[in-house]
Amino acid sequence: LIAKEAEDYRKSATELYSSALNSHRQDSGSSSNPSNLAYLDTEIILCTLNALVSAAGPWTIHITRAKQIVEAAGGIEVLRRGPQRLQAQLAMFGWWDCTVALLHRSACVLPSAYFDFLLLNAGDNGSGWDTFSLSGVPRELFGHLVTLTQLAVEKEQTCRMRWASFD
């Protein structure tokens with residue numbers, strides 16, 4: 001019964017959230033809108049709820065929406081000047097993106113510039129957050145996981161080729 005209630009709640013919350021996000025996009029009319037960043041809280045909650053309900057949750061949907069929200073607010077530039085909370089939120093999505101992509105041997109949804117930013121700013125420059133406190137993984141290991149994810153994607157791509165050329 002609890003699993004059904006959680007699934008019903010997830011479905012209702014997702015529908016309401018999608019409706020609110022679409023309505024906000026239509027009303028704002030601006031391509032650069034920092035008020036969109038408020039939706040990241042809900043996206044994190046829905047992503048976490050999916051993790052609790054199903055290990056095979058729709059991760060890429062949440063990560064794609066988070067990317068769209070950040071991009072609509074100004075992309076990497078809003079992260080550079082944004083609050084520590086925003087950077088920590090993106091770090092959580094980056095961790096999920098890298099982990100899921102590695103497990104599925106697929107490309108990350110977030111651009112590599114976002115991972116570069118996270119690795120550069122984690123725990124330094126007074127950021128107030130680090131990858132270890134968010135995910136239990138030290139920054140150096142997270143950097144290796146990002147690289148390993150990229151290599152796994154390349155391996156999968158070359159396995160399907162008849163011929164492969166290397167630089």
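# Helices and packing in a predicted model

Q: Which residue follows H3, and what is the sign of its phi?
A: In this predicted model, the phi of the residue that follows H3 is near 130 degrees. The residue is glycine 74, and the sign of its phi is positive.

Q: How many helices and how many strands does the protein chain have?
A: From the N terminus on, the elements run α-α-α-α-α-α-α-α. The secondary structure therefore comes to zero strands, as DSSP runs are counted, and the number of helices is eight.

Q: What percentage of the residues of the protein chain count as buried?
A: Buried means under 20% relative accessible area. The protein chain has 167 residues, and it exposes about 9,900 Å², of which carbon and sulfur atoms supply 57%. The buried share of the residues is 37%.

Q: Which helix supplies the largest share of the largest nonpolar core?
A: The largest nonpolar core has 37 residues, and Leu37, Leu40, Leu79 and Phe93 touch the most other members. Helices H1, H2, H3, H4, H5, H6 and H8 each supply at least two residues of this core. The largest share, eight residues, comes from H5.

Q: Which residues does leucine 37 touch, not counting residues up to four places away in sequence?
A: Leucine 37 is among the core residues that touch the most other members. Beyond four places in sequence, the residues that leucine 37 touches are Ile69, Val70, Ala73, Val78 and Leu86.

Q: Is tyrosine 39 buried or exposed?
A: Tyrosine 39 is found in helix H2. Leaving aside neighbours within four places in sequence, tyrosine 39 is in contact with Tyr17, Ala20, Leu21, His24 and Ile69. Its relative accessibility is 15%, and the cut-off for buried is under 20%. Tyrosine 39 therefore counts as buried.

Q: How far apart in space are tyrosine 39 and valine 70, C-alpha to C-alpha?
A: In sequence, tyrosine 39 and valine 70 are 31 residues apart. In space, the C-alpha to C-alpha distance between tyrosine 39 and valine 70 is 9.7 Å.

Q: Where around the axis of H3 do its buried residues lie?
A: H3 has 15 residues and reaches 21 Å from its first C-alpha to its last, close to the 21 Å expected. In H3, the buried residues are Trp59, His62, Ile63, Arg65, Ala66, Ile69, Val70 and Ala73. They cover an arc of only 160 degrees around the axis, so they lie on the same side of H3.

Q: Which residues are exposed on the other side of H6?
A: The buried residues of H6 are Tyr114, Phe115, Phe117, Leu118 and Asn121. Because their arc around the axis is only 160 degrees, they are on the same side of H6. What covers them includes H3, H4, H5 and H8. On the other side of H6, the exposed residues are Asp116 and Leu120.

Q: Which helices do the buried residues of H8 pack against?
A: The 21 residues of H8 should span 30 Å at 1.5 Å a residue, and its end C-alpha atoms are 30 Å apart, which agrees. In H8, Phe142, Gly143, Leu145, Val146, Thr149, Ala152 and Val153 are buried. These buried residues pack against H5, H6 and H7.

Q: Why is the pair of phenylalanine 93 and tryptophan 96 edge-to-face?
A: The count of aromatic pairs comes to four. In the pair of phenylalanine 93 and tryptophan 96, the ring centres are 5.6 Å apart and the planes are at 75 degrees. Planes over 60 degrees apart count as edge-to-face, so with planes at 75 degrees this pair is edge-to-face.

Q: How many residues apart are phenylalanine 93 and tryptophan 96 in helix H5?
A: Phenylalanine 93 and tryptophan 96 are both buried. Their separation in helix H5 is about one turn of the helix. In residues, the separation is three.

Q: Which residues form one aromatic cluster?
A: The rings of tryptophan 95 and phenylalanine 142 have their centres 6.1 Å apart and their planes at 50 degrees, so this pair is tilted. The pair links distant parts of the chain, with tryptophan 95 in helix H5 and phenylalanine 142 in helix H8, 47 residues apart. Tryptophan 95 is partly exposed at 21% relative accessible area, whereas phenylalanine 142 is buried at 2%. The residues of the cluster are Trp95, Phe115 and Phe142.

Technical notes
Residues numbered from 1 in each chain as written. Predicted model: local features only at pLDDT ≥ 70, side-chain atom pairs only at ≥ 80, totals over all residues. Heavy atoms only, no water. Helix = DSSP H or I, 4+ residues; strand = E, 2+ residues; numbered from the N terminus. Buried < 20%, exposed > 50% of the residue type's maximum accessible area, 1.4 Å probe, protein only. Areas by Shrake-Rupley, 256 points an atom, 1.4 Å probe, with all protein chains shown as cover. Phe/Tyr/Trp six-rings, centres within 6.5 Å; stacked < 30°, edge-to-face > 60°. Core = buried A, V, L, I, M, F, W, Y, C linked by side-chain atoms within 4.5 Å. Contact = heavy atoms within 4.5 Å. Expected span 1.5 Å × (residues − 1). Arc of directions from axis to C-beta.
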